[in-house]
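Colleague: Hi, I'm new to this one. Could you walk me through it?

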Amino acid sequence: MKQGLFIGLTTLDWIYRTERYPGANEKVVAIEQTIAAGGPATNAAVAFAGLGGKSLVYSALGQHPITGLIREDLEKHQVISRDLRPDWSEIPPISSITVTETTGERAVISLNATRARADLRYLPEEPLQNIDIVLVDGHQIVVGEAIARQARERGIPVAIDGGSWKEGFEKILPFVDYSIVSADFYPPSCSDKEDVFAYLEDFRIPYIAITDGERAIEYSALGERGAIEVNPVRAIDTLGAGDIFHGAFCYFILQTDFPSALQKASEVAALSCQFFGTRRWLEKRPASSIE
């Protein structure tokens, strides 16, 4: 069984499905609700494990009682977590999310990892032992850079989840093999997709892809450009689809080529959009295995 290491943000997501988003000073009654661990790296780890891999998350959790809910969800989905801030006692980041029934679009209020910086002192002595691929989401730059550097030295592939540009990403990019970013990812001085491709290629990243929701995925593989069409679906909930895409990509790239891994990951992400929350799709996940 292949093992993935996922570095970045872990949150607790409170998710509500409503007929419509409430207006100012208005209350609405939710159709349904759910609670799950969240964050880009964390959701990716759940997807990787759900498809048949073994997942390990490095993030900052701390000692607050709410972290028990996070740990319970991760354990339920066979994700091992390593707390890089066990001395931290404040409440962890909580996301309040409303999903609109008619469109599947989500509105999110959340904190990022700025209040809970992971500490290198709490890394295990062998942080990459038995690891086959690393994903960094940019929320823990110091740890992400340290692990990405070690991974490059050991020949372990590194992927990034670039949902948006985060200060310090440029420190990690020199060690990246797979840069999978969204259409909202704009490094300094970049104003369109061509600028983004050029910026990432300057770091000699061999494989780059830009996702854009239901639009085609544009990619560059060893300098060769291409595009992959995304199958349209009726979205019930788009929450976490990008995170799930990244986790699925990390799973599939260990067994196939870059365009095929992107295609398979897009199919998994599309599946996830057809269910409320970030976990129900796992009940309908495709049968997959890594030899």
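Modeller: Happy to; we can talk about pockets, then a helix and a strand.

Modeller: This is a predicted model, where local features need pLDDT of at least 70, side-chain atom pairs count only at pLDDT 80 or more, and totals for chains, interfaces and linings use all residues. Residues are numbered from 1 along each chain as its sequence is written, and side-chain values use heavy atoms, with hydrogens and water left out.

Colleague: Cool. How much space lies in the largest pocket?

Modeller: About 1,500 Å³. A pocket here is an open set of points on a 1 Å grid over the protein atoms alone, where a 1.4 Å probe fits, with protein on both sides within 12 Å along at least five of seven lines. The volume is the space filled by probe spheres set on the points, which are joined across faces, edges and corners.

Colleague: And how many residues line the largest pocket?

Modeller: 48, with Arg-106, Thr-238, Gly-240, Ala-241 and Gly-242 nearest its centre; a lining residue has an atom within 4 Å of a point. Helix H6 (residues 241–252) gives the most, five residues. Helices (H or I, at least four residues) and strands (E, at least two) are DSSP runs, numbered from the N terminus.

Colleague: What about the second largest pocket, what volume does it have?

Modeller: About 420 Å³. Its lining has 21 residues, and Asp-73, Lys-76, His-77, Arg-279 and Leu-282 lie nearest the centre. Helix H2 (67–76) is one of the elements supplying at least two lining residues, and H2 gives the most, with four.

Colleague: H1 next. How many of its residues are buried?

Modeller: Eleven of eleven, so H1 is mostly covered, where buried means under 20% relative accessible area with a 1.4 Å probe, protein chains only. Among them are Pro-40, Asn-43 and Phe-48. Just after H1, Gly-52 takes a positive phi of about 125°.

Colleague: Why is strand E1 said to be largely enclosed?

Modeller: Because five of the five residues of E1 (residues 3–7) are buried. On one side sit Gln-3, Leu-5 and Ile-7, and on the other Gly-4 and Phe-6. In a regular strand, side chains alternate between the two faces of the sheet.

Colleague: Which strand does E1 pair with over five bridges?

Modeller: Strand E4 (residues 54–59), in the parallel sense; two strands pair if DSSP finds at least two bridges between them. Gly-4 has Ser-55 as its bridge partner in E4. E1 also pairs in the parallel sense with strand E8 (residues 133–136), over four bridges, and there Ile-7 stands opposite Val-136.

Conventions: Buried < 20%, exposed > 50% of the residue type's maximum accessible area, 1.4 Å probe, protein only.
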